[in-house]
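Me: I would like to go through one protein model by question and answer. Please show it to me before we start.

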Amino acid sequence: MHLLRSLWVLLACGQIIPSAGQSFQRRYDAWAQLNAESGFGIELLDSGGFIAFSGSMLEVDTLIYGSVVTTIRINNDGVPVDTNMAFIPMKATYPGWANVAFPLSTGGYGVGGSTGDNFTNHPALFLFDSMGQNTFIYEHGDTSFSWVGRQAKQTMDGGYVICGETNISGTSQDGFLLKLDGGGNMEWVMNYGLFNRQEYLASVDPAPGGGYYLGGQQQQADPNDYDQWVLRVDSSGSAIWADTYGTPFDDYTLAHVSTAANGDCLFASGLTTSKSDFGMLSLKRIDPGGGVVWEKSYDGVDFGSVFFTVKEIAPNGGLVAAGQSYLPGYMQGAIIRTNGAGDSLWLRYYHYYDSL
């Protein structure tokens, strides 16, 4: 993860989130303390404008919290309206990973992530009302082990699932999927992975038949080689299939999954092309059985080229994906629009700069 000194938000009409016709590119210092901040998600507000979700360093009296989950409400012109946090005294609160927020069926938003103190981490679900005020924090996990939550989604029964990684096996990191009921009570937890291998899960989305797609990365026989890792599990968390998708090189970027209207799994990541970890922006479409329908890579080769999220614009329609790349010579944001077959319609890079 890259910690930035400010939260950067870029919104353009018709790209990732529809706007009211204008575009803006701004950055925000949530607590005006000139501390590190990273943005992990943004959602459209029913009342107009947007809500951004970040992990922001916070100083309270003599204590420094390495992260607090923060919401910034922004109007259609990009002007910040309100700022709130999910705060626990003597604990840090962390948003999980890319595309971390999701809308709730009852209104408001959820965020999957973690809480942490000097001893261990716990997977956590943070709930916010429609104005970004924190309403509930649900923490779980055995205190004897570390659990890091990365992403959460609401389920068909009104409950929630959280994915991430844990060291509960005692030999390595394993991926996990945690199921909560609508009141935040744990119903079950399942761990996934191979003995003595490192596995991480960063994304989850509902799959056909009431189950879930999970995406992350898995260590291969060579301890310096990782492949993107995708699983399909049933409604009880039992694995239906699991597979890796990679090259002969270290595919260190994670699989970021979402589900298409026809039940296919869309898969955003990067494609490594050399031993020096240089690669290309990449998208894949996988059928419900795990077979690759198509895979595409875009533009040239450089370090850090990865898409963090991909979504279908309309049912069985084109796609939009967002990520980053050093390809233009320094780190920039990247947004692509494709047709349903993954063919690029346009690809744009963005870099924020001002008088500082």
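Reply: What follows is a set of questions and answers on a sheet, the cavities and the cysteines of this predicted model.

Me: In what order do the four strands of the open sheet come?

Reply: The sheet is open and its pairing is antiparallel. The twist from one strand to the next averages 15 degrees. The order of the four strands is E24-E25-E26-E27.

Me: Which strands stand at the edges of this sheet?

Reply: An edge strand here has a single partner strand, so one side of it is left without a neighbour in the sheet. That description fits residues 306-312 and residues 344-350. The edge strands are E24 and E27.

Me: Which residue in E25 is the bridge partner of Glu-312?

Reply: Strand E25 covers residues 319-325 and runs antiparallel to E24. Six bridges join the two strands. In E25, the partner of Glu-312 is Leu-319.

Me: Which elements give two or more residues to the lining of the largest cavity?

Reply: The structure holds two cavities of 30 Å³ or more, and the largest has about 60 Å³ of space. Its lining includes His-256, Val-257 and Ser-258, as well as Phe-308, Thr-309 and Val-310. Strand E20 spans 256-259, and E24 spans 306-312. The elements asked for are E20 and E24.

Me: How many charged residues does the lining of the largest cavity have?

Reply: Among the lining residues are Ala-98, Asn-99, Gln-151 and Ser-203. By class, the lining has four nonpolar and six polar residues. The number of charged residues is zero, given as "no charged residues".

Me: How many residues in the lining of the second largest cavity are charged?

Reply: This cavity has about 30 Å³ of space. Strand E21 (265-272) and strand E22 (278-286) each supply at least two residues of its lining. Asp-277 is one of the lining residues, and Asp counts as charged. The lining divides into four nonpolar residues, five polar ones and, as the charged count, one.

Me: Why is the sulfur of Cys-265 not bonded to that of Cys-163?

Reply: A disulfide needs two cysteine sulfur atoms within 2.5 Å. For Cys-265 the closest cysteine sulfur is in Cys-163, and this is too far for a bond. The count of disulfides is zero. The distance between the two sulfurs is 12 Å.

Me: Is Cys-163 buried or exposed?

Reply: A residue counts as buried under 20% relative accessible area. Cys-163 has 0% relative accessibility. Cys-265 also has a relative accessible area of 0%. Cys-163 therefore counts as buried.

Note on methods
Residues numbered from 1 in each chain as written. Predicted model: local features only at pLDDT ≥ 70, side-chain atom pairs only at ≥ 80, totals over all residues. Heavy atoms only, no water. Pairing = 2+ DSSP bridges. Axes fitted to C-alpha atoms, helices over the stretch in contact; angles between N-to-C directions. 1 Å grid on protein atoms, 1.4 Å probe; cavity = no way out; pocket = protein on both sides within 12 Å on 5 of 7 lines; lining within 4 Å. Points joined across faces, edges and corners; volume = space filled by probe spheres on them. Buried < 20%, exposed > 50% of the residue type's maximum accessible area, 1.4 Å probe, protein only.
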